[in-house]
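Biologist: I should like a close look at a single part of this model, with its setting described as well. Which part would you choose, and what surrounds it?

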Amino acid sequence: MAVPFFLISGHHAIAFQSADTTPSRKTADRESFEKLAARAQNAMNAEQIPEAIRLYAQATRLKPNWSEGWWFLGTLLFDAERFKEAQNAFTHFLATEQKQREPGFAMLGLTEFELKHYEKALAALERCLKPGIQADPQFARNVLVHDGMLIAFFGKPELALQRLTLAANQIAAAYPEAPKDHVLSDNELLDAFGIAALRMRTLPSDLNSGKKAEVRQAGRAQALIAIQDRVAAEIEFQQLLTQYASESGVNYMYGVFLLKEHPSQAAGAFRRELEISPSHVAARIQLALGSLETGEYEDGMAFAKQAIDLEPSNFVVHVALGKLYLELGKTDLAIQELQMSVKLSPGSPDAHFALERAFLRANRKAEAKRERAEFERLKALSDAANRQ
Amino acid sequence: MIRCLLVLALSALLFAPILVVAQADRSDGIRFEDITSKSGVDFVTNSSPTPNKNQPETMISGIALIDYDNDGYLDIFLINGAAIPSLRKESSKYYNRLFHNNRDGTFTDVTEKAGLAGDGYEMGAAVGDFDNDGWPDLYVASVTKNHLYRNNHDGTFADVTDKAGVGFPTFQGKKMWSAAAGWIDFDNDGKLDLFVANYCKWEVNKDPICLSGGRLRAYCHPKFYEPLPSTLYRNNGDGTFIDVSEQTGISKKFGKGMGVAFNDFDGDGFMDIFVANDNMPNMLFHNLKGKAFEEIALDVGVAYSENGKAVSGMGAEFRDLDNDGLPDIWHTATELETFPLFRNRGDSIFIDVTARSGVARPTLEMSGWSNGVADFDNDGLKDLFVARGNVLDNIAEFSTRTYAEPNSILRNLGKMTFADITTQTGPDMQVAAPYRGGVIGDLFNSGRMDIVVTVLNGKARILRNVTSNGNNWIAFQLEGTKSNRMGIGAQVKITTEDGNSQYDIVSTSAGFAASRDPRPHFGLGKFKIVKQVEVRWPSGTRQLLKDLPANQFHRVVEP
């Protein structure tokens, strides 16, 4: 029979159903196991942590397919900062638990993070998040913050900001009486936000003391954007700019903010960023995309070409350049660039849509139809994911 | 052919223009003057804003220009909300209002005599002569029951909704929230049919809680509501209608319909339907010879903005903007989206020219609602108008944006390019407010297209066009015989002495929830004669008129 259980171990609170356990031992073993499990639970409830760990370890040796036992053992080890052993326990949990594996991936990811196995940590956390996280807000916050940190570390700051925004909103929802205060008091979240917004490829623990204050200030601004208090965010930005306007990433970050508030002023911020960080690809992409709206196509073309030289594998640059060629009537060149963007990012609905538009301009209706179908397919997937 | 034509050039005296020239500035640019205070139009749109942030509270928009007494002058009908949660007009402050045009710049409230006060939480209005008696009738789209009012020819209307069977566009057993409607003779049988754009599933005081700034309850994003199908009613010709949404394919596609506009984009003689959807792909229903519709917005390029995103489609216009004879599409959206402009290329493909036309740049920071297309300076090029205002009444508390915005005029510079000239159009156009409704028409038969706008929980305004550049114009009042009496769907082409042509359609459906002046109007610049006018009637009849004098309304009867 499936038994619901709820664990509060340290700050990792999860509710889930245990796997069915089929008696496979001799009666004596079973009696022994049941006694052991009861003693382990009693020890845990009494907060006799070392004893609880010893008993759960013994019980899981006796019954290796006891997923519930692996879970408790893993969380106790995690809270005791015995991460190597916790990793082993969660690995066993995932091998034995068939129904509710997401919490296991979450804890394994957090454990790998502590062990500095960042690629493995990210893979595990992403597997937890894939079906959509359904846990208590604090646990969800932990998963999302670590996931965001790692995504930024591996060079995808926009995606990291999405995850961290979800984390901020989990916190805000958990404290409706003072959401902003709680978000702004979460320094780990603020630092993660700051790193992602400044497009740094580092982790909060690796920040040197000179950079910490800047990152924290940037994080405050970004956290306020996340909870949609853009008036307060503007004030934080002014402080950030007063102190750190000559630091790399600050003007870019402000430019992105301006895109949502005063888009006509954003280009100025991106240009200032390029003065400070001449090889800033993202600023060039923003300027190229912005030129599509202002009609300054030749300027945009220059920025797009520079961005491609710096980062030829970035599909967004090829989309921007393709669209610019299209506006300038150079349809064949547009199609070349947009085909490249689709090749680099076949899962991007935006790239397929842009290519479809270009094929239509060129009267290549059959190819346009094919791209349209792919766009629709990918858009449906993307919309479904966004609804989660 | 000429003998077949009944062309009554009504003298300038009959349509006596009341010239109001701006005193301080005789600039030849487009200028508007607010005449509300002396007009007698005193109307406040009451949406009953509540802490629950019911979605309809931010959306009431409807305005109709209707010459209900056939005196040759457009009267003004304004839509209103109701109390919440009852959704009933519990007091007169919620009445819809009809203002009779006294032809002297003033209006008289005739609502109660006309019987048009309404009863529910209303949204949009559509004018059409559904019974072909020569008197315009009125349909009101509503969150609650929709209404069809038949014109009794004596200044009163009869509520014929129940007999007509058009009060309850229904989905899954529930009356849908209808946001807008329009009259169209989709099967060219000479009887006006009715298209209703429905918005989303909604129940009073059951909106999700959406917080902005992490703390303030705000109107939710449309994604939190389920979409609905549109409704098409076919006119049986006996005062009743039949819902043909399913058999024609209209109800196959779901959306959050706001703007409705009609035109024949492929020139096959049948009116097509464009619906601007709020944060869902737009819909273009291609009319399959009056038998059915296929939805082709994505195929032809008008479903999404240039970057493949569904924007907050609101008001819509479907008219030829570059004088190539092919109707283009322009619709509004909210800030950061730009207002997409789709140029009809002529081979069932529309090209997004929002950026290239100069529309993207000024509209990027605008939050648009109703819109309209008209040649405000009579230079032969149709200009753009948009009524603006942020969706969120508390936006300023968590953003540097403002709830109130000024309206905007984008002047057509030719070759499908536009420039925002709002700041040059006079001080009255600079007044910021949470505008919603907006409609265009020549209220004083002056040959200059005026604008009426509504303000959410504020006073409606009449913006009189006082442009004084001496340009000439021509306008037409069509009367169908085989075709529907109002000539809705008729295509009008004029050619001036220089061989250039302009095109327009007879349609009252424009903007968001609005019903505009049905009379095609053309600016002629220096030309005082129109060499040729060609009318393509919905019946298929083609009619040619020659050498018509400018600066007049011409009544054209279908031969």
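Modeller: The account below takes up one helix, beginning with its setting and ending with the confidence of the prediction. This is a predicted model, in which local features need pLDDT (the predictor's confidence in each residue, from 0 to 100) of at least 70, side-chain atom pairs count only at pLDDT 80 or more, and totals for chains, interfaces and linings use all residues. Residues are numbered from 1 along each chain as its sequence is written, while chains are lettered from A and ligands numbered from 1 in the order in which they are written.

The setting is the interface, where 26 residues of chain A are in contact with 22 residues of chain B; contact requires C-beta atoms, placed from the backbone, within 7 Å. On the chain A side, the elements that give two or more residues are helix 9 (179–184), helix 12 (230–244), helix 13 (250–261), helix 14 (263–276), helix 15 (281–294), helix 19 (349–361) and helix 20 (365–387). Helices (H or I, at least four residues) and strands (E, at least two) are DSSP runs, numbered from the N terminus. Helix 19 of chain A gives the most, with five residues. By class, this side of chain A holds 11 nonpolar residues (Ala, Val, Leu, Ile, Met, Phe, Trp, Tyr, Cys and Pro), 11 charged (Asp, Glu, Lys and Arg) and four polar (the others, Gly among them).

The part chosen is helix 14 of chain A. Its 14 residues should span 20 Å at 1.5 Å a residue, and its end C-alpha atoms lie 21 Å apart, which agrees; the expected span is 1.5 Å times one less than the number of residues. Buried residues in this helix are A:Ala266, A:Ala267, A:Ala269, A:Phe270 and A:Glu273. A residue is buried if 20 or more other C-beta atoms, placed from the backbone, lie within 10 Å of its own, exposed if 12 or fewer, and partly exposed in between. The five cover an arc of only 165° around the axis, which puts them on the same side of helix 14 of chain A; the arc is that of the directions from the helix axis to the C-beta atoms. An α-helix has 3.6 residues a turn, so residues three or four places apart point the same way. The buried residues of helix 14 of chain A pack against helix 13 and helix 15 of chain A, whereas the face turned away from the buried side carries the exposed residues A:Gln265 and A:Glu275.

A:Ala245, in the loop between helix 12 and helix 13 of chain A, is 27 residues from A:Arg272 in sequence and 9.1 Å from it in space, C-alpha to C-alpha. With 13 C-beta neighbours inside 10 Å, A:Ala245 counts as partly exposed.

From chain B, B:Leu336 touches A:Lys260, A:Pro263 and B:Leu364, not counting residues up to four places away in sequence. B:Leu336 sits in the loop between strand 26 (328–331) and strand 27 (341–344) of chain B and is partly exposed, with 17 other C-beta atoms within 10 Å. Chain B itself has six helices and 44 strands, and 61% of its 559 residues are buried.

As to confidence, the model scores ipTM 0.88 and pTM 0.88. The mean pLDDT of chain B is 94, and 95% of its residues reach 70 or more, but over residues 1–27 of chain B the pLDDT is below 50. Where pLDDT is low, the predicted coordinates should not be read in detail.

Note on methods. Contact = placed C-beta atoms within 7 Å.
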